Each structure stands twice: as C-alpha cells, then as structure tokens.
Amino acid sequence: MTRRLACAVVFLALAAAPTAAADGAGPDPGLMQGWTGVTTAGHPWRYVTLPAGAQTVLAAVRRSTGRIPGWRPLRGTWGVPMVAYDGSVGGLSRDGRLLVLAQWSPPGNGALRTTSRFLLLNTRTLRTWRTVTLRGDFTFDALSPGGGTLFLIERVSRADTTKYRVRSYDIASQRLSPRVIADRRQAGWVMRGYPVTRATSADGRWVYTLYQQPGGYPFVHALDAVGRSAVCIGLPWHGVQDILPSSRLRLNEQAGKLWVQTYRGRALFSIDTRSFWVARAGAGASGTPAALLVAPPLGAAALLALVLAFRRRLRAAVSLVRR
C-alpha cells in the first residue's frame, strides 16, 4: 500500500507539467517531485524532492542500497527541473557537487512570470549555498560541466509562449549575461518550440535537445556548455509529425553521430556531431546543412500528441512499479 501511495504522489506531480503546457506553458516541461529524481553517471547518490505541505523535502538516496541517510526540509515548493517532455531532468553538475532546484510558480492566465527563483545546493551537506532570483520568466536548461555557468530558457512573449531565448548566468559573479546564446547563422535569436527529448555528451560539454516547432520543421538544439554557443540543426521532416513525440536521441561519441530514432529504436535521421550535417537513415553520405527550415503550421494537434505520448509512458512506468 505504501508503494502504491508513493506512485500516486509521483504521478500527480509529473502530470501537472504537461497539463500546464497544454494551457500555454511553452517550452517549460515543469518540475519533478518524487519519481526518480536526478543523478549523473558514476555518482553514488540520487537526489529526490518530495512534497510536504508548505515545504519540500530534499532527500539523498544511495543508489546501491536505496537508503536515505540524509534529508533536509526546504521552505516552499521546489523540484528537480525537467528539461524535456519525455521526463529528462537536469540540475546536477557533472562532478556531483552542485545541485540546482527550481521553484514551482506557474504563471496565471497565460501571463509570463515576473520573478524566477533557483536554489543552488551543496550536495554533501544538502544546505543551500545560494538563491538565484531573476526578473522575468526563466526555467532551467543546463549546467556547464564544471558547474560555473547556469543556462536558462527565457520566455519572451505572452502572445506566443513557444518563443524563447537561451541565456547564461555566471554563478561566481552572480550575473545574468546580456548576450543571447543562439546560432549566429540565424536571422533572429528568438526560437520557438517544445523540448521532446535530450542527450548529453559524456563530458557534459554538448547538450543536444530535440524540439518540436509549431509551424516549422523539428530541430536539434546543440548547446556548447563550455563555449557558451549553440547550433540549430533543422530536420527535413515530411508529412505529419505524429511519431515525433515518441522520438529519442542516441549519441555515439566514438562514431561522431547523433541519431534521431523512434522509441523502438528505428533510426530516422543521423547527425554528424562535427559538421552538424543531417542524413536520413539509410541515405548514405548525402545530407542537409544545419539550418532552421520552414514547414506548414502544425497547430495544437502536435502539442496534444506530445502530451498524450508523455502520459502513456508515465502510466506504463507506474504500472510496472506497482507490479
């Protein structure tokens, strides 16, 4: 019974994110409370946030045993930031020393948030090292490998909540850079889309996110978390994009390839991670240059498919745990 109750709490916490997105939350997938929390390769701990009335409990779970030797209450509603609608999360530095949590403060009536807050915590003590408060509507995107730079998604339009910019925050100087991180080959620095899934290089430098773009082709946003730059890689998609919400990214660093594939493993596109050229699966060496392309509008149907796919995967996971 205890296990079923825990699953129910997790389901409600996660279900809130796509529901909000359907009402206009744009590129923000929301926060995760409970469930799997966040960890990184080789790190012995997993960090989970749990709702506790007007507070949030942050717990450190040892991955090898499942034991919780350390926990700490936090005032307010905080969670592990989700970075894509497939349940991908972020917030833990590559060395496992810094944890970033985001505050849950959904905007009302489609308005943009006026203030955004993040907690930077020491994972050894679980104590808050610093609180980052920014004017505007910001959500977590990524951390640099050394944990010195916080990359953020800034929503910029109330009329079109899919529009956003990528910004960087220097943690040491406590300063939000005025420079927008964008592909310099683009005509504009404001982007549009919903994050579907994510893959990150082993050293944490390259962060690849697959976006569904209303009114345009899907694209992969390749963020250089060390050089503070980005490349947008347009995918020459034809026809209805119903399969896109269930797509995955698979990175083969030895081969220098990033694959866009279905959740069953069927390859759709391959991307050369050095030249950023795109080839259809089985198309040989021919490809398409990295550029944002334009296609007929997809409208709300594409977003609805994205949300429904997320919920189906969530229900399947909850059913598996209950068994």
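How many aromatic pairs does the count come to in this structure? The count comes to 5 aromatic pairs, and some of them are stops on this tour. Keep in mind as you look around that this is a predicted model.

**The whole protein**

Start with everything shown as a cartoon. You will find 2 helices and 21 strands. The protein has 323 residues, and buried ones make up 52% of them. Contacts also reach along the chain: among those between residues at least 6 apart in sequence, 49% join residues at least 24 apart.

**Stop 1: a three-stranded sheet**

Select residues 45–52, which form strand E2, then 55–62 for strand E3, and finally 70–75 for strand E4. These 3 strands form an open sheet in the order E2-E3-E4, with antiparallel pairing. E2 and E4 are the edge strands, each pairing on one side only. From one strand to the next, the twist averages 20°.

In general, strands of a sheet pair through backbone hydrogen bonds, either parallel or antiparallel.

Now zoom in on the contact between E2 and E3, where 8 bridges join the antiparallel strands. Pick Thr 49 and look across to E3: its bridge partner there is Leu 58. Do likewise with Tyr 47, and you arrive at Ala 60. Ala 60 is worth keeping selected, since it also stands opposite Gly 70 in E4. On that side, E3 and E4 pair in the antiparallel sense over 6 bridges.

Is E3 mostly covered or mostly uncovered? It is mostly covered, with 6 of its 8 residues buried.

Before leaving, click on Gly 53. This glycine belongs to the hairpin of E2 and E3, which has 2 residues between the strands, and takes a positive phi near 65°.

**Stop 2: two loop residues with positive phi**

Go back along the chain to Trp 35, in the loop between strand E1 (31–32) and E2. Trp 35 is a residue other than glycine, yet its phi is positive, near 60°. Its relative accessibility is 26%, so it counts as partly exposed.

Next, select Gln 174, found in the loop between strand E11 (163–170) and strand E12 (175–176). Here too phi is positive in a residue other than glycine, with a value near 55°. Gln 174 counts as partly exposed, at 48% relative accessibility.

**Stop 3: a charge over a ring**

Show the side chains of Trp 129 and Arg 130. The charged end of Arg 130 sits over the ring of Trp 129, 4.4 Å from the ring's centre.

**Stop 4: stacked rings**

A pair of aromatic rings is described by the distance of the centres and the angle of the planes. Try this with Trp 206 and Tyr 208. Their rings form a stacked pair, 6.2 Å centre to centre with 15° between the planes. Trp 206 is partly exposed, with a relative accessible area of 22%, whereas Tyr 208 counts as buried at 4%.

Then select Tyr 211 and Phe 219. This pair is stacked because the planes are at 5°, with ring centres 5.1 Å apart. Tyr 211 is buried, with a relative accessible area of 3%, and Phe 219 counts as buried at 1%. Add Tyr 164 to your selection, and you have a cluster of three residues, linked by ring pairs.

**Stop 5: around Tyr 208**

Return to Tyr 208, which is found in strand E15. Which residues does it contact, leaving aside neighbours within four places in sequence? Among them are Thr 197, His 221, Ala 222, Leu 251 and Thr 273. Tyr 208 and Ala 222 are 14 residues apart along the chain, with their C-alpha atoms separated by 4.6 Å.

**Stop 6: the largest nonpolar core**

In soluble globular proteins, nonpolar side chains tend to be buried together. For the last stop, select Leu 210, Val 220, Ile 233, Leu 235, Leu 249, Val 260 and Ile 271. Of the 20 residues in the largest nonpolar core, these touch the most other members. Several strands give two or more residues to this core, including E15 (206–212), E16 (219–224) and E20 (267–272). E20 gives the most, with 3 residues.

Finish on Leu 249. Beyond residues up to four places away in sequence, Leu 249 touches several others, including Ala 199, Tyr 208, Leu 210, Val 220, Trp 259 and Val 260.

How values were computed. Residues are numbered from 1 along each chain as its sequence is written. This is a predicted model: local features need pLDDT of at least 70, side-chain atom pairs count only at pLDDT 80 or more; totals for chains, interfaces and linings use all residues. Side-chain values use heavy atoms; hydrogens and water are left out. Rings of Phe, Tyr and Trp (its six-membered ring) pair if their centres lie within 6.5 Å; planes under 30 degrees apart count as stacked, over 60 as edge-to-face and the rest as tilted. Buried means under 20% relative accessible area, exposed over 50%, partly exposed in between (1.4 Å probe, protein chains only). A charge sits over a ring if NZ of Lys or CZ of Arg is within 6 Å of the ring centre and within 35 degrees of the ring normal. A nonpolar core is a set of buried Ala, Val, Leu, Ile, Met, Phe, Trp, Tyr and Cys residues joined through side-chain atoms within 4.5 Å. Helices (H or I, at least four residues) and strands (E, at least two) are DSSP runs, numbered from the N terminus. Contact means heavy atoms within 4.5 Å. Two strands pair if DSSP finds at least two bridges between them. Axes are lines fitted to C-alpha atoms, for helices over the stretch in contact, and angles run from 0 to 180 degrees between N-to-C directions.
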